[in-house]
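Work through the exercises below with the sequence and the model at hand. Each task is followed by a solution in steps.

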Amino acid sequence: MTYDLSPRPLNPAPKTPPMTWPNGAKSALFIGFDVDAETAWIGNNPSNVDRMVTTSHGGYDARVGIGKILELMDELSLKGTFFTPGWTALAHPAACEGILKAGHEIGHHGYLHKLPERERLEEAFEEIDRGFEALQNVLGVRPVGYRAPSGENFPELLAYLAKSGIRYSSSFRDDILPYRHASHNGIAGPVEIPVNFAFDDWNFGMSSRTSPRPLFGREAVLPLWIDEFEATHDWGGVTTLVLHPQVSGRPMRWHSLRDFLRHVQSKADVWIATGQQIANHFEACEAVSPSI
Ligand SMILES: [Zn+2]
């Protein structure tokens, strides 16, 4: 494979013209969870399947994490989006049904959490198809939102997602407002609800034998999240969370997340919405504004 390294914007999506949030809100909060379970450990490293302690990081999701996160969301009367790999739904149907029954949105997060690679198109497309199939069979849902497993994407995959009925993606890191993807030949893709890597709990709270990282406690994470949220709020953007029950469903992190969410809720002018609600709102703005 040869690579086209010619200078050009590598994401051809047009910029978002000024847009407002519903109900006079100044900014939006999108609470997104990635229910990776064991797929985070076996999707890109299949030999880990026989390493029970390594995969037990992901096993925390179904045993403890998902339930504790649902408890928190219920306590605070919040709804979020749970991006769920198809494998997770098949392996842990009861835990995933609990998410659905609690009224949260289910999003697509691949089948086995494989990093999408442009050099293996067929495999990347198969991950999409199998993910849809599993979520349909286990939960009876066909998601409209997609977060890329391991956070990667490329033009053919964006086009395949749009063709498959995906209306929004939430993986890119290049904006603080939603925008509409476009291919280099101008064909519209899904809406993007961009993420801020500062709100990915894996960066602060996951360490393992095979991937040792420094761990950061509440005194580091909570002020970082509050400061970043407040600044995003001032700029009128969307604060997108990338949380994992196997991280934020741990005892200390659960309390930090609770304190962060309560901080956001203490402000009257934040629109807290699921990915689908944000995509709906963006599409409504598009419909009335030819400049979007
Ligand atoms: Zn994931």
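Helices and strands are DSSP runs, of at least four residues for a helix and at least two for a strand, and they are numbered from the N terminus. The model is a predicted one.

**Exercise 1. Locate Ser150 and state whether Ser150 is buried or exposed, or in between.**

Step 1. Strand E4 covers 145–146 and helix H6 covers 155–163; Ser150 sits in the loop between them.

Step 2. A residue counts as buried with 20 or more other C-beta atoms within 10 Å, and as exposed with 12 or fewer.

Step 3. Ser150 has 15 other C-beta atoms within 10 Å, so Ser150 is partly exposed.

Step 4. The phi of Ser150 is positive, about 60°, although Ser150 is not a glycine.

**Exercise 2. Do the same for Ser77: is Ser77 buried or exposed?**

Step 1. Ser77 lies in the loop that runs between helix H2 (52–75) and strand E2 (81–84).

Step 2. With 8 other C-beta atoms within 10 Å, Ser77 is exposed.

Step 3. Ser77, a residue other than glycine, has a positive phi, near 55°.

**Exercise 3. Place Glu133 and find how far apart Glu133 and Tyr111 are in space.**

Step 1. Glu133 belongs to helix H5, which spans residues 121–139.

Step 2. Around Glu133 there are 14 other C-beta atoms within 10 Å, so Glu133 is partly exposed.

Step 3. In sequence, Glu133 and Tyr111 are 22 residues apart; in space, their C-alpha atoms are 9.1 Å apart.

**Exercise 4. Describe how helices H8 and H10 cross, and which residues make the contact.**

Step 1. H8 consists of residues 218–235 and H10 of residues 251–265; their axes come within 10 Å and cross at roughly 25°.

Step 2. Angles under 35 degrees count as roughly parallel, so H8 is roughly parallel to H10.

Step 3. The crossing of H8 and H10 is right-handed.

Step 4. H8 contributes Arg218, Val221, Leu222, Trp225, Ile226 and Phe229 to the contact, and H10 contributes Met252, Ser256, Asp259, Phe260, His263 and Val264.

Step 5. Sorted by class, the residues in the contact of H8 with H10 are eight nonpolar, two polar and two charged.

**Exercise 5. Which residues does the annotation "domain: NodB homology" cover, and how much of that stretch is helix and strand?**

Step 1. According to UniProt, in an unreviewed entry, the annotation covers residues 51–273.

Step 2. Over residues 51–273 the chain is 48% helix and 14% strand.

Step 3. The C-alpha atoms at the ends of residues 51–273 are 38 Å apart.

Key
Residues numbered from 1 in each chain as written. Predicted model: local features only at pLDDT ≥ 70, side-chain atom pairs only at ≥ 80, totals over all residues. Axes fitted to C-alpha atoms, helices over the stretch in contact; angles between N-to-C directions. Parallel < 35°, antiparallel > 145°, perpendicular 65-115°, else oblique. Left-handed = near helix turned anticlockwise from the far one by under 90°. Contact = placed C-beta atoms within 7 Å. Nonpolar A, V, L, I, M, F, W, Y, C, P; charged D, E, K, R; others polar. UniProt positions renumbered as here; feature names shortened; annotations may be inferred.
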